[in-house]
Amino acid sequence: MIYDKVKYFLLKNAAKIAVLAHKTFDALKTRIKSCSSKYAIYQPAGAAGEYAKYACNFFLGCYGMCKYCYNKQGPRAGLLGKSIITLKACFKSEEHAIEVFFTELFGGNGGTVRPELQKHGIFFTFTTDPCLPETFPLHAAVAAEAIKLGVPIKFLTKFTGWLDSEIWQDLKSIPEAQEYLSIGFTLTGRDDLEPGASSNKARIEGLRKVHDDGFKTFTSIEPVKDPALSLSIIKECVGFVDLFKVGLESHKHYDKAVVTQFVNDLAAIPEKPTIYLKDSIMEHLDGRTRESYGDNFVNADSIS
Ligand code: SF4
């Protein structure tokens with residue numbers, strides 16, 4: 001796969017100029033909305049809101065071909081579930097997307113970044129994969145400047161080709177990167193359900209690499225398709241993943257006894273990995289709290 005480094009460096013330059021302009025002249029007041037269609041940064045609602053208080057969507061479409069992809073379901077599937085990648089209609093170009101992003105990031109705050117974004121960070125992304133050859137140059141260019149402003153950036157991906165790109169070499173060389181950039185991979189263990197994505201094995205190796213490079217790592221163990229498989233993946237990744245987010249598939253029936261046993265098995269892992277159980281799991285657990293399974297089971301407030 002070809003990752004366009006020239007495009008990345010041009011976009012990174014555009015991002016630098018945008019930051020300088022906002023630091024000098026920032027006056028345009030903006031608000032962060034819950035709707036994503038007309039903005040770059042927004043506040044996700046529902047299950048997505050459990051992932052992140054703030055997220056950014058620049059693109060639509062993805063060729064991961066995941067059978068369970070939420071973008072291929074519901075009334076907006078025709079728009080969001082495409083296999084070709086396009087910039088959102090509200091952006092005239094990737095340079096324009098950069099302008100919009102930094103206008104929202106500063107928000108007319110007197111030349112400083114919104115404190116809520118410095119506190120909670122920004123998640124990339126819900127409407128495509130952030131690390132495809134088509135999407136990574138823009139995401140990385142924006143991240144390169146945002147982390148210098150102390151804004152935590154989180155990428156969640158199912159692809160690994162970008163780890164060998166010169167774009168990643170540049171991004172990870174930024175002094176603030178280890179502190180402010182977190183890398184996550186989704187792991188279901190079911191390559192057959194994700195035919196367009198990198199294999200789960202490659203993603204696990206990817207996690208190991210970024211951890212060894214000194215970055216914070218997380219995984220999305222979601223959707224849990226086979227609890228025994230998810231359990232074994234978590235055990236395999238314990239030494240190099242900082243946070244496991246675990247959730248069930250929306251609108252699917254799960255046997256309560258199976259879910260209860262799964263969570264008991266997670267609580268019995270001797271290394272006590274940090275685990276966030278999504279609401280889709282909690283609703284099977286008879287009102288028990290996350291903490292009641294151990295100090296390593298965290299609440300949403302401590303991960304966003
Ligand atoms: S990688 Fe993510 S966005 Fe792409 S098809 Fe799979 S679930 Fe959908």
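Helices H1 and H6 cross in a right-handed sense. Keep in mind that this is a predicted model. H1 covers residues 5–25 and H6 covers residues 136–148, and the two pack at an angle of about 35° with their axes 8 Å apart. On the H1 side, the contact is made by Lys7, Tyr8, Leu11, Lys12, Ala15, Lys16 and Val19. H6 answers with Pro137, Leu138, Ala140, Ala141, Val142, Ala144 and Glu145. Sort the residues of this contact by type and you get ten nonpolar, four charged and no polar.

Now move over to helix H4, residues 94–106. Its 13 residues reach 19 Å from the first C-alpha to the last, close to the 18 Å expected at 1.5 Å a residue. Plenty to look at here: Ala97, Ile98, Val100, Phe101, Phe102, Thr103, Glu104, Leu105 and Phe106 of H4 are buried. What covers them? Among the elements over the buried residues of H4 are the helices H1 and H6 from the crossing, along with helix H5 (115–120). Strands E1 (41–42), E2 (55–56) and E4 (86–87) are also included in that cover. Right after H4 comes Gly107, with a positive phi near 65°.

One last stop is Ser165, in the loop between strand E6 (153–157) and helix H7 (166–172). Is Ser165 buried or exposed? Ser165 counts as buried because it has 21 C-beta neighbours inside 10 Å, and the cut-off for buried is 20 or more. Ser165 also pairs up in space with Tyr3: the two are 162 residues apart in sequence, yet their C-alpha atoms are 6.3 Å apart.

Technical notes: Residues are numbered from 1 along each chain as its sequence is written. This is a predicted model: local features need pLDDT of at least 70, side-chain atom pairs count only at pLDDT 80 or more; totals for chains, interfaces and linings use all residues. Axes are lines fitted to C-alpha atoms, for helices over the stretch in contact, and angles run from 0 to 180 degrees between N-to-C directions. Helices (H or I, at least four residues) and strands (E, at least two) are DSSP runs, numbered from the N terminus. A crossing is left-handed if the near helix is turned anticlockwise from the far one by less than a right angle, and right-handed if clockwise. Two residues are in contact if their C-beta atoms, placed from the backbone, lie within 7 Å. Ala, Val, Leu, Ile, Met, Phe, Trp, Tyr, Cys and Pro count as nonpolar, Asp, Glu, Lys and Arg as charged, and the others, Gly among them, as polar. A residue is buried if 20 or more other C-beta atoms lie within 10 Å of its own, exposed if 12 or fewer, and partly exposed in between; C-beta atoms are placed from the backbone. The expected span of a helix is 1.5 Å times one less than its number of residues.
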